[in-house]
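Let's take a walk through this protein together, beginning with the whole chain and then stopping at a handful of residues. Keep the viewer open as you read.

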Amino acid sequence: MSPSIPDDSHDPGLPATAALHRRGIKSFVARAGRMTTAQERAWQELWPRYGIEDQGIPLDLRTLFGREAPRTLEIGFGNGESLLALAADRPDQDFLGIEVHRPGVGHLMLRAAALGLTNLRIACRDAVDVLDRQIADATLDAVLLYFPDPWPKKRHHKRRIVQPAFVDLVARKLKTGGRFRLATDWQNYAEQMLEVASSCAALENEFDAGYAPRPDSRPLTRFENRGQRLGHGVWDLSFRKR
Ligand SMILES: C[S@@+](CC[C@H](N)C(=O)[O-])C[C@H]1O[C@@H](n2cnc3c(N)ncnc32)[C@H](O)[C@@H]1O
(Lines give C-alpha, C1' and ligand atoms only; values in the text may rest on other atoms or scores of the structure.)
Protein backbone atom coordinates (compact mmCIF):
# COMPACT_ATOMS: atom_id res chain seq x y z
CA MET A 1 0.00 0.00 0.00
CA SER A 2 1.38 3.39 -0.91
CA PRO A 3 2.17 5.51 2.12
CA SER A 4 2.43 8.59 -0.08
CA ILE A 5 -1.16 9.80 -0.45
CA PRO A 6 -0.94 13.58 -0.67
CA ASP A 7 -2.63 15.23 2.26
CA ASP A 8 -3.53 18.53 0.61
CA SER A 9 -6.88 17.57 -0.80
CA HIS A 10 -9.36 17.29 1.99
CA ASP A 11 -9.85 19.39 5.06
CA PRO A 12 -12.72 17.64 6.86
CA GLY A 13 -14.01 21.05 7.89
CA LEU A 14 -14.64 22.05 4.29
CA PRO A 15 -17.24 20.72 1.86
CA ALA A 16 -15.52 18.55 -0.78
CA THR A 17 -15.95 21.08 -3.56
CA ALA A 18 -14.55 23.95 -1.51
CA ALA A 19 -11.52 21.79 -0.75
CA LEU A 20 -11.12 21.02 -4.45
CA HIS A 21 -11.33 24.65 -5.50
CA ARG A 22 -9.00 25.71 -2.74
CA ARG A 23 -6.46 23.20 -4.06
CA GLY A 24 -6.31 25.16 -7.30
CA ILE A 25 -4.04 22.44 -8.71
CA LYS A 26 -4.98 21.09 -12.12
CA SER A 27 -4.61 17.45 -13.09
CA PHE A 28 -3.60 18.44 -16.62
CA VAL A 29 -1.34 20.81 -18.49
CA ALA A 30 -2.30 22.19 -21.88
CA ARG A 31 -0.85 19.61 -24.27
CA ALA A 32 0.71 20.72 -27.50
CA GLY A 33 -0.79 19.00 -30.49
CA ARG A 34 -2.12 20.56 -33.63
CA MET A 35 -5.61 19.91 -34.76
CA THR A 36 -6.00 18.30 -38.14
CA THR A 37 -8.13 20.11 -40.71
CA ALA A 38 -10.85 17.51 -40.19
CA GLN A 39 -10.79 18.07 -36.42
CA GLU A 40 -11.05 21.84 -36.93
CA ARG A 41 -14.02 21.27 -39.18
CA ALA A 42 -15.54 19.01 -36.54
CA TRP A 43 -15.25 21.84 -34.03
CA GLN A 44 -17.10 24.19 -36.39
CA GLU A 45 -19.74 21.81 -37.65
CA LEU A 46 -20.22 19.19 -34.96
CA TRP A 47 -19.66 21.03 -31.68
CA PRO A 48 -23.18 22.51 -31.87
CA ARG A 49 -24.51 18.93 -32.06
CA TYR A 50 -22.30 17.24 -29.46
CA GLY A 51 -20.86 20.04 -27.32
CA ILE A 52 -21.95 21.11 -23.84
CA GLU A 53 -21.30 24.78 -23.13
CA ASP A 54 -20.70 26.09 -19.64
CA GLN A 55 -23.98 27.67 -18.64
CA GLY A 56 -22.99 27.78 -15.00
CA ILE A 57 -26.00 25.76 -13.83
CA PRO A 58 -26.61 22.02 -13.59
CA LEU A 59 -27.60 20.45 -16.88
CA ASP A 60 -31.04 19.02 -17.32
CA LEU A 61 -29.85 15.68 -18.67
CA ARG A 62 -33.35 14.56 -19.56
CA THR A 63 -33.74 17.57 -21.85
CA LEU A 64 -30.17 17.30 -23.15
CA PHE A 65 -30.72 13.75 -24.40
CA GLY A 66 -34.45 14.03 -24.95
CA ARG A 67 -35.17 10.94 -22.89
CA GLU A 68 -34.64 9.17 -19.58
CA ALA A 69 -31.98 6.44 -19.94
CA PRO A 70 -29.01 5.07 -17.97
CA ARG A 71 -26.14 7.58 -18.08
CA THR A 72 -22.40 7.02 -18.09
CA LEU A 73 -19.82 9.80 -17.78
CA GLU A 74 -16.18 9.32 -18.83
CA ILE A 75 -13.57 11.71 -17.44
CA GLY A 76 -10.45 12.37 -19.53
CA PHE A 77 -11.44 10.28 -22.55
CA GLY A 78 -8.34 11.15 -24.61
CA ASN A 79 -9.26 10.33 -28.19
CA GLY A 80 -12.53 8.79 -27.04
CA GLU A 81 -11.98 5.17 -28.06
CA SER A 82 -13.78 3.69 -25.05
CA LEU A 83 -16.59 6.20 -25.05
CA LEU A 84 -17.21 5.75 -28.77
CA ALA A 85 -17.27 1.96 -28.48
CA LEU A 86 -19.64 2.11 -25.51
CA ALA A 87 -22.00 4.64 -27.08
CA ALA A 88 -22.10 2.70 -30.36
CA ASP A 89 -22.66 -0.59 -28.55
CA ARG A 90 -25.43 0.68 -26.25
CA PRO A 91 -27.84 2.91 -28.17
CA ASP A 92 -30.37 2.52 -25.34
CA GLN A 93 -28.04 4.39 -22.94
CA ASP A 94 -26.66 7.94 -22.85
CA PHE A 95 -23.00 8.96 -22.58
CA LEU A 96 -21.22 12.11 -21.45
CA GLY A 97 -17.52 12.72 -21.97
CA ILE A 98 -15.24 15.35 -20.48
CA GLU A 99 -11.83 16.07 -21.98
CA VAL A 100 -9.66 19.20 -22.05
CA HIS A 101 -7.61 18.19 -25.10
CA ARG A 102 -9.36 19.85 -28.05
CA PRO A 103 -7.90 17.61 -30.81
CA GLY A 104 -9.16 14.56 -28.86
CA VAL A 105 -12.62 16.11 -28.67
CA GLY A 106 -12.50 16.82 -32.43
CA HIS A 107 -11.45 13.23 -33.08
CA LEU A 108 -14.33 11.82 -31.05
CA MET A 109 -16.90 14.12 -32.69
CA LEU A 110 -15.76 13.01 -36.16
CA ARG A 111 -16.03 9.34 -35.27
CA ALA A 112 -19.38 9.82 -33.52
CA ALA A 113 -20.84 11.70 -36.49
CA ALA A 114 -19.59 9.03 -38.89
CA LEU A 115 -21.58 6.49 -36.86
CA GLY A 116 -24.57 8.83 -36.56
CA LEU A 117 -24.53 8.64 -32.75
CA THR A 118 -27.21 10.61 -30.95
CA ASN A 119 -26.56 9.33 -27.40
CA LEU A 120 -23.31 11.25 -26.75
CA ARG A 121 -22.49 14.74 -25.44
CA ILE A 122 -19.10 16.27 -24.70
CA ALA A 123 -17.74 18.98 -22.40
CA CYS A 124 -14.29 20.39 -23.12
CA ARG A 125 -13.26 21.78 -19.73
CA ASP A 126 -11.80 20.74 -16.41
CA ALA A 127 -13.78 17.71 -15.26
CA VAL A 128 -13.67 18.87 -11.65
CA ASP A 129 -15.47 22.06 -12.58
CA VAL A 130 -17.97 20.34 -14.88
CA LEU A 131 -18.83 17.76 -12.23
CA ASP A 132 -19.13 20.37 -9.54
CA ARG A 133 -21.25 22.94 -11.38
CA GLN A 134 -22.94 21.20 -14.29
CA ILE A 135 -23.85 17.73 -13.09
CA ALA A 136 -26.63 17.51 -10.53
CA ASP A 137 -26.17 15.13 -7.61
CA ALA A 138 -27.37 11.52 -7.95
CA THR A 139 -27.92 11.67 -11.71
CA LEU A 140 -25.26 9.28 -13.09
CA ASP A 141 -25.30 5.48 -13.32
CA ALA A 142 -21.58 5.16 -13.94
CA VAL A 143 -18.44 7.29 -13.92
CA LEU A 144 -15.38 6.01 -15.79
CA LEU A 145 -11.82 7.17 -15.18
CA TYR A 146 -9.50 5.20 -17.42
CA PHE A 147 -5.76 5.79 -17.39
CA PRO A 148 -5.77 9.27 -15.84
CA ASP A 149 -2.47 11.14 -16.12
CA PRO A 150 -0.21 9.25 -13.68
CA TRP A 151 2.05 12.15 -12.67
CA PRO A 152 4.74 9.60 -11.77
CA LYS A 153 7.20 11.92 -10.02
CA LYS A 154 6.56 12.12 -6.30
CA ARG A 155 6.60 15.91 -6.27
CA HIS A 156 3.81 15.84 -8.88
CA HIS A 157 1.54 13.38 -7.04
CA LYS A 158 -0.55 16.31 -5.84
CA ARG A 159 -1.64 16.77 -9.48
CA ARG A 160 -3.23 13.35 -9.65
CA ILE A 161 -6.96 13.72 -10.11
CA VAL A 162 -7.78 10.91 -7.67
CA GLN A 163 -7.77 12.67 -4.30
CA PRO A 164 -10.28 12.30 -1.44
CA ALA A 165 -12.24 15.45 -2.35
CA PHE A 166 -12.48 14.40 -6.01
CA VAL A 167 -13.71 10.91 -5.11
CA ASP A 168 -16.29 12.44 -2.75
CA LEU A 169 -17.46 14.64 -5.63
CA VAL A 170 -17.78 11.68 -8.02
CA ALA A 171 -19.67 9.70 -5.38
CA ARG A 172 -22.16 12.55 -4.92
CA LYS A 173 -22.96 12.55 -8.65
CA LEU A 174 -23.71 8.80 -8.74
CA LYS A 175 -27.15 7.37 -8.12
CA THR A 176 -27.42 4.78 -5.37
CA GLY A 177 -25.97 1.58 -6.83
CA GLY A 178 -24.06 3.51 -9.52
CA ARG A 179 -20.51 2.45 -10.38
CA PHE A 180 -17.20 4.30 -10.29
CA ARG A 181 -14.75 2.38 -12.47
CA LEU A 182 -11.08 3.23 -12.65
CA ALA A 183 -8.03 1.80 -14.41
CA THR A 184 -4.36 2.66 -14.44
CA ASP A 185 -1.10 1.15 -15.60
CA TRP A 186 0.89 2.66 -12.72
CA GLN A 187 0.99 0.40 -9.66
CA ASN A 188 1.67 3.24 -7.28
CA TYR A 189 -1.35 5.17 -8.63
CA ALA A 190 -3.48 2.01 -8.44
CA GLU A 191 -2.58 1.74 -4.75
CA GLN A 192 -3.51 5.38 -4.25
CA MET A 193 -6.84 4.86 -6.06
CA LEU A 194 -7.61 1.81 -3.92
CA GLU A 195 -6.78 3.60 -0.70
CA VAL A 196 -8.62 6.83 -1.51
CA ALA A 197 -11.77 5.22 -2.95
CA SER A 198 -11.90 2.67 -0.11
CA SER A 199 -11.84 5.57 2.37
CA CYS A 200 -14.89 7.23 0.80
CA ALA A 201 -17.81 6.38 3.07
CA ALA A 202 -20.30 6.67 0.20
CA LEU A 203 -18.60 3.95 -1.86
CA GLU A 204 -18.03 0.24 -1.43
CA ASN A 205 -15.49 -1.85 -3.28
CA GLU A 206 -17.24 -4.41 -5.47
CA PHE A 207 -14.30 -6.77 -5.12
CA ASP A 208 -13.75 -6.99 -1.36
CA ALA A 209 -10.67 -4.96 -0.63
CA GLY A 210 -8.94 -5.56 -3.95
CA TYR A 211 -8.74 -4.90 -7.67
CA ALA A 212 -11.40 -5.75 -10.23
CA PRO A 213 -11.08 -8.01 -13.27
CA ARG A 214 -10.66 -6.14 -16.56
CA PRO A 215 -14.22 -5.29 -17.71
CA ASP A 216 -15.09 -6.65 -21.17
CA SER A 217 -16.68 -3.29 -21.92
CA ARG A 218 -13.34 -1.45 -21.81
CA PRO A 219 -11.68 -1.43 -25.24
CA LEU A 220 -7.90 -1.22 -25.43
CA THR A 221 -7.15 2.51 -25.56
CA ARG A 222 -4.07 4.17 -26.98
CA PHE A 223 -2.69 4.75 -23.48
CA GLU A 224 -3.33 1.19 -22.35
CA ASN A 225 -1.74 -0.08 -25.56
CA ARG A 226 1.31 2.06 -24.91
CA GLY A 227 1.49 0.83 -21.30
CA GLN A 228 1.40 -2.76 -22.51
CA ARG A 229 4.22 -2.09 -24.99
CA LEU A 230 6.27 -0.68 -22.12
CA GLY A 231 5.54 -3.81 -20.11
CA HIS A 232 3.31 -2.09 -17.53
CA GLY A 233 0.63 -4.05 -15.68
CA VAL A 234 -2.96 -2.78 -15.60
CA TRP A 235 -5.07 -2.42 -12.46
CA ASP A 236 -8.86 -2.06 -12.65
CA LEU A 237 -11.05 -0.95 -9.75
CA SER A 238 -14.82 -0.86 -9.37
CA PHE A 239 -16.74 0.84 -6.56
CA ARG A 240 -20.48 1.01 -5.98
CA LYS A 241 -22.37 3.95 -4.52
CA ARG A 242 -24.02 2.88 -1.26
C1 LIG B 1 -3.33 9.61 -19.98
S2 LIG B 1 -4.67 10.27 -20.86
C3 LIG B 1 -5.77 8.88 -21.02
C4 LIG B 1 -6.80 9.06 -22.06
C5 LIG B 1 -7.80 7.92 -22.22
N6 LIG B 1 -8.62 7.74 -21.04
C7 LIG B 1 -7.10 6.64 -22.61
O8 LIG B 1 -7.11 5.68 -21.82
O9 LIG B 1 -6.54 6.60 -23.71
C10 LIG B 1 -5.48 11.28 -19.67
C11 LIG B 1 -6.44 12.27 -20.29
O12 LIG B 1 -7.13 12.97 -19.27
C13 LIG B 1 -7.29 14.32 -19.66
N14 LIG B 1 -7.48 15.09 -18.42
C15 LIG B 1 -6.64 15.18 -17.38
N16 LIG B 1 -7.16 15.91 -16.38
C17 LIG B 1 -8.39 16.31 -16.82
C18 LIG B 1 -9.42 17.11 -16.24
N19 LIG B 1 -9.29 17.62 -15.01
N20 LIG B 1 -10.53 17.34 -16.96
C21 LIG B 1 -10.67 16.79 -18.21
N22 LIG B 1 -9.72 16.03 -18.81
C23 LIG B 1 -8.60 15.78 -18.12
C24 LIG B 1 -6.02 14.64 -20.41
O25 LIG B 1 -6.18 15.72 -21.31
C26 LIG B 1 -5.74 13.32 -21.14
O27 LIG B 1 -6.31 13.30 -22.43
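Start with charge: there are 35 positive and 31 negative side chains in the protein, and the centres of those two sets sit 4 Å apart. Bear in mind as you look around that this is a predicted model.

Now for the overall build. The chain folds into 10 helices and seven strands. Its radius of gyration is 17 Å, which agrees with the value near 18 Å that a compact globule of 242 residues would have. If you drew a box around the C-alpha atoms along the principal axes, it would be roughly 50 × 40 × 35 Å. Of the 242 residues, 50% are buried. The accessible surface adds up to about 11500 Å², and carbon and sulfur atoms own 51% of it. How much of the contact list comes from residues 24 or more positions apart? Counting contacts with a separation of 6 or more, the share is 80%.

You can see that kind of pairing at D185, so let's zoom in there. D185 sits in the loop that runs from β5 (174–184) to α9 (187–198). Its relative accessibility is 9%, and since buried means under 20%, D185 counts as buried. Which residue lies 5.8 Å from D185, C-alpha to C-alpha, despite being 47 residues apart in sequence? That's H232. The two side chains are joined by a polar contact of 3.3 Å. D185 has other company too: leaving out neighbours within four places in sequence, its contacts are F147, F223, G227, H232, G233, V234 and W235.

F147 makes a handy bridge to the next stop, as T221 is also in contact with it, along with E81 and S82, again leaving aside neighbours within four places in sequence. T221 belongs to the loop between β6 (203–205) and α10 (222–229). With a relative accessible area of 8%, T221 is buried. For a contrast, stay in the loop between β6 and α10 and find D208. Is D208 buried or exposed? At 72% relative accessibility, it counts as exposed. D208 also has a backbone quirk worth a look: its phi is positive, about 50°, although it is not a glycine.

Two of the T221 contacts, E81 and S82, take us to helix α5, which covers residues 81–89. Which residues of α5 are buried? They are S82, L83, L84, L86 and A87. The cover over these buried residues includes strands β1 (71–75), β2 (94–98), β3 (120–123) and β4 (140–146), together with helix α6 (102–114).

Helix α6 is also home to P103. This proline is buried, with a relative accessible area of 10%. Not counting residues up to four places away in sequence, P103 touches G33, R34, M35 and Q39. Pick out A38 while you're here: P103 and A38 are 65 residues apart in sequence, with a C-alpha to C-alpha distance of 9.8 Å.

Next, look at S27, in the loop between α1 (16–23) and α2 (37–45). S27 counts as buried, at 15% relative accessibility. Setting aside residues up to four places away in sequence, it touches D149, W151, R159 and I161. W151 deserves a closer look of its own. It lies in the loop between β4 and α8 (164–173), and at 16% relative accessibility it counts as buried. What is the phi of W151? It is near 40°, a positive value in a residue other than glycine.

Our last stop is A138, in the loop between α7 (127–134) and β4. Here the relative accessibility is 43%, so A138 counts as partly exposed. Which residues does A138 contact, once neighbours within four places in sequence are left aside? The list is R172, K173, L174 and K175. As for R172, it is 34 residues from A138 along the chain, and the C-alpha atoms of the two are separated by 6.1 Å.

Definitions and conventions:
Residues numbered from 1 in each chain as written. Predicted model: local features only at pLDDT ≥ 70, side-chain atom pairs only at ≥ 80, totals over all residues. Heavy atoms only, no water. Helix = DSSP H or I, 4+ residues; strand = E, 2+ residues; numbered from the N terminus. Rg over C-alpha atoms; globule rule 2.2 N^0.38 Å. Buried < 20%, exposed > 50% of the residue type's maximum accessible area, 1.4 Å probe, protein only. Contact = heavy atoms within 4.5 Å. Areas by Shrake-Rupley, 256 points an atom, 1.4 Å probe, with all protein chains shown as cover. Lys, Arg positive; Asp, Glu negative; His and termini not counted. Charge placed at Lys NZ, Arg CZ, Asp CG, Glu CD. Polar contact = N/O pair within 3.5 Å; in protein donor to acceptor, adjacent residues only side chain to side chain.
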